[in-house]
Amino acid sequence: MTTATLSPTHTVTRPRSSAARTWHYFIHSLAAMLRDWAFMAFIIALPVTMYLFFAGIYGDQEASGGVAVAAVMMVTMATYGGLGAAMNAGAVIQSERSSGWFRQLMISPLTPSGFVTVKVATAVCAVIPALLAVFIAGIIRGVRLPLETWLATFGVLMVALLPMVFLGLVIGLWFKQQTATAVTTLTMLALAMIGGLWFPVDMMPGWMQPISKSLPSYWAGRIGMWPVIGGEFPWRGVLIIGIWTLGLLVLGGLGYRRAVRTSRR
Amino acid sequence: MTDTAIQLTGLTKTYGTLTAVDRLDLDVPAGQILALLGPNGAGKSTATEMIIGLTAPDAGSARVFGLDPVAAVRAGRTGAMLQNGALLADTTVGRLLRMMHGLHLNPLPLAEVIEMADVGKILKTSTSKLSGGQAQRVRFALAILADPQLIMLDEPTVGLDVDARRRFWRIMGSLTDSGRTVVFATHYLDEADEFADRIVVLNEGRVVADGTGAQIKERVGGRHVSFTGPDQDWSTVDGVVGVERDGERVTLNSSDADATLRALFTGPGADAISNVEVAPVRLEDAFLALVEPVSREERAA
């Protein structure tokens, strides 16, 4: 390669392992999301405000099992916050992918699957502040739980909300960018409302209850409440969320193939 | 190690009924500065995308330094500036460059890239608030981060004013001096003539001419000889390859201007000829002459 000697011959040498470089990309994506104050305010302020408002009205009543409504509502509003964070962060993945920036990103050692992995991980991280913010609001409102209950609630909610990142991603894949934002918001509101995250499902008309109980949002809320109110673990919810996850992965795969066919990548 | 930077063999890409790139064969030796010249829709962008692995060919193959285009990109051997390439929104130029720098295996030191691309003053500027020229400098910085041996530029100076364009090519010049291979797509003909060692003219996905700027001009005649004279058949005069007439004014397209002038002034009608001018064929005319017959043939087909 005698014809191709460089004038600046000293280059930075990095380990050949792609893990370190993918981690670098993850850290940058995460920092970019945290700096997006409008997005962070949206995913934190809305559930916190709604929690403080509803808990102010009903919070002092007692729910089934002798637990204060303020505590149950804290979990369902945290679920709602996490749902919004996951779906919106999921939708952002597709908007970045369909913008020309993705093409520039692909002229680097980053692979398409590396991109999606990092972006899904970033979206999952968006759920954390949404949950924590509502938990803190709960503490301020006087909710007191043992440490292991806090940790268990946080843990099961994170897992139960993970598929909602794919829901955001799927909406991004199947709708145009302008409509995707509206569809994401509407879907999120429907899932929250019908899934009983704002009002208990018992308050809804009887015909709606089977619909509610087929939604992943309802079961995410139920699973999140389990460490707080105890009783039998809602295994049925694991099944239903599992079915939704499979369905979303199939839709995602089809949407991705369609996107590859219609836009040049 | 191979001395061929790019090797295209029967490269073909169709979109629906449109054949964007049609059985393209092209070898680019390492160290060459090549211009892909052609009108809109000639297949320049599609060919570029296949060379950088963004688009997979329907038939044929592209090899970059003997590697698959995607492998060459991941190894940092190819850098590219895309046409109107979008930048990541809602971040600063500095953050964007640091993020991309961390992805590459053996990148140039970031400080050096910043200096070469002249983006030092806009590091804190948001990517959505850049002027056309500034954005182009950022894209250029992204293209050279990996210390690539091959730099692909898809219409790098489109939308830039004359100053910014000159500035861009001055920066490019410093890079090409280091022996890298540069391929740029353009429809600015002067740009191709001025900065490229070799011009490949594309039309409808095919190569219609391949050579230096001078050779391409020669293919359609080297000089325009124009004068005021009688209406007669001038095409038989020595060296003439084309005749145009505009009122009294005759323009002869000549491959040998000396022979043409000698024939004109020694011939029988010499007295009737006045106001003679000799001018080089503009690359623009050469370009049109190359592209048009193909289009006509296509329409007939």
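1. How many residues lie between β11(B) and β12(B) in their hairpin, and which residue in the turn has a positive phi? Two residues separate the strands, and Gly247(B) in the turn has a positive phi of about 65 degrees. The model is a predicted one, and this value, like those below, is computed from it. Strand β11 covers residues 240–246 of chain B and strand β12 covers residues 249–254. The two run antiparallel and are joined by six bridges. Within this ladder, Val243(B) has Leu252(B) in β12(B) as its bridge partner.

2. Chain A is helical in its assigned elements: there are 10 helices and zero strands. Read from the N terminus, the order of elements is therefore plain α-α-α-α-α-α-α-α-α-α, where helices and strands are DSSP runs. Along the principal axes, the C-alpha atoms of chain A fill a box of roughly 80 × 35 × 30 Å.

3. The interface between the chains brings 34 residues of chain A into contact with 41 residues of chain B. The size of an interface is often given as the accessible area lost when the parts come together. Here the area buried between chain A and chain B is about 3,800 Å², and carbon and sulfur atoms give 58% of that area.

4. What is the count of salt bridges between chain A and chain B? The count is one. The side chains involved are those of Arg103(A) and Glu49(B), with an N to O distance of 2.8 Å. Four residue pairs are in polar contact between chain A and chain B, counting pairs with both residues at pLDDT 80 or more. On the side of chain A that touches chain B, the elements giving two or more residues are α1 (18–35) and α4 (101–105) of chain A. Of the elements, α1(A) gives the most, with five residues. By class, this side of chain A has 14 nonpolar, 12 polar and eight charged residues.

5. One sheet of chain B is open and has three strands in the order β2-β1-β4, with antiparallel pairing. The edges are β2 (18–29) and β4 (59–64) of chain B; each has a single partner strand, so one side of each is left without a neighbour in the sheet. On average, neighbouring strands of this sheet are turned by 15 degrees against each other, direction ignored. Strand β1 (residues 4–15) of chain B pairs with β4(B) in the antiparallel sense over five bridges. Thr9(B) is opposite Ser61(B) in β4(B).

6. A further sheet of chain B is open, with six strands in the order β5-β6-β7-β3-β8-β9 and mixed pairing. Its edge strands are β5 (78–81) and β9 (206–211) of chain B, each pairing on one side only. Neighbouring strands of this six-stranded sheet are turned by 15 degrees against each other on average, direction ignored. Within the sheet, β3 (residues 33–37) and β7 (residues 181–186) of chain B run parallel and are joined by five bridges. Leu36(B) stands opposite Ala185(B) in β7(B).

7. Which strands does helix α1 of chain B touch in the three-stranded sheet? This helix, residues 44–51, packs on the sheet and touches β1, β2 and β4 of chain B. The direction of α1(B) makes about 120 degrees with that of β1(B). In addition, α1(B) lies across β3, β6, β7 and β8 (198–203) of chain B, running at about 150 degrees to β6(B). Helix α1(B) thus has strands of both sheets among its contacts. Another helix, α5 (residues 132–144) of chain B, lies across β5 and β6 of chain B and runs at about 170 degrees to β5(B).

8. Over all chains, a search of the whole structure finds 11 salt bridges. Side chains of opposite charge can pair when their charged atoms come close. One of the salt bridges joins the side chains of Lys44(B) and Glu155(B), at 3.7 Å from N to O. This pair links distant parts of the chain, 111 residues apart. Lys44(B) is in helix α1 of chain B, while Glu155(B) is in the loop between β6 (150–154) and α6 (162–176) of chain B.

Conventions: Residues are numbered from 1 along each chain as its sequence is written. Chains are lettered from A and ligands numbered from 1 in the order in which they are written. This is a predicted model: local features need pLDDT of at least 70, side-chain atom pairs count only at pLDDT 80 or more; totals for chains, interfaces and linings use all residues. Side-chain values use heavy atoms; hydrogens and water are left out. Contact means heavy atoms within 4.5 Å. Buried area is the accessible area (1.4 Å probe) that two parts lose on being put together, summed over both. A salt bridge is a side-chain nitrogen of Lys or Arg within 4 Å of a carboxyl oxygen of Asp or Glu. A polar contact is a pair of N or O atoms within 3.5 Å; within protein, one must be able to donate a hydrogen and the other to accept it, and residues adjacent in sequence count only if both atoms are side-chain atoms. Helices (H or I, at least four residues) and strands (E, at least two) are DSSP runs, numbered from the N terminus. Ala, Val, Leu, Ile, Met, Phe, Trp, Tyr, Cys and Pro count as nonpolar, Asp, Glu, Lys and Arg as charged, and the others, Gly among them, as polar. Two strands pair if DSSP finds at least two bridges between them. Axes are lines fitted to C-alpha atoms, for helices over the stretch in contact, and angles run from 0 to 180 degrees between N-to-C directions.
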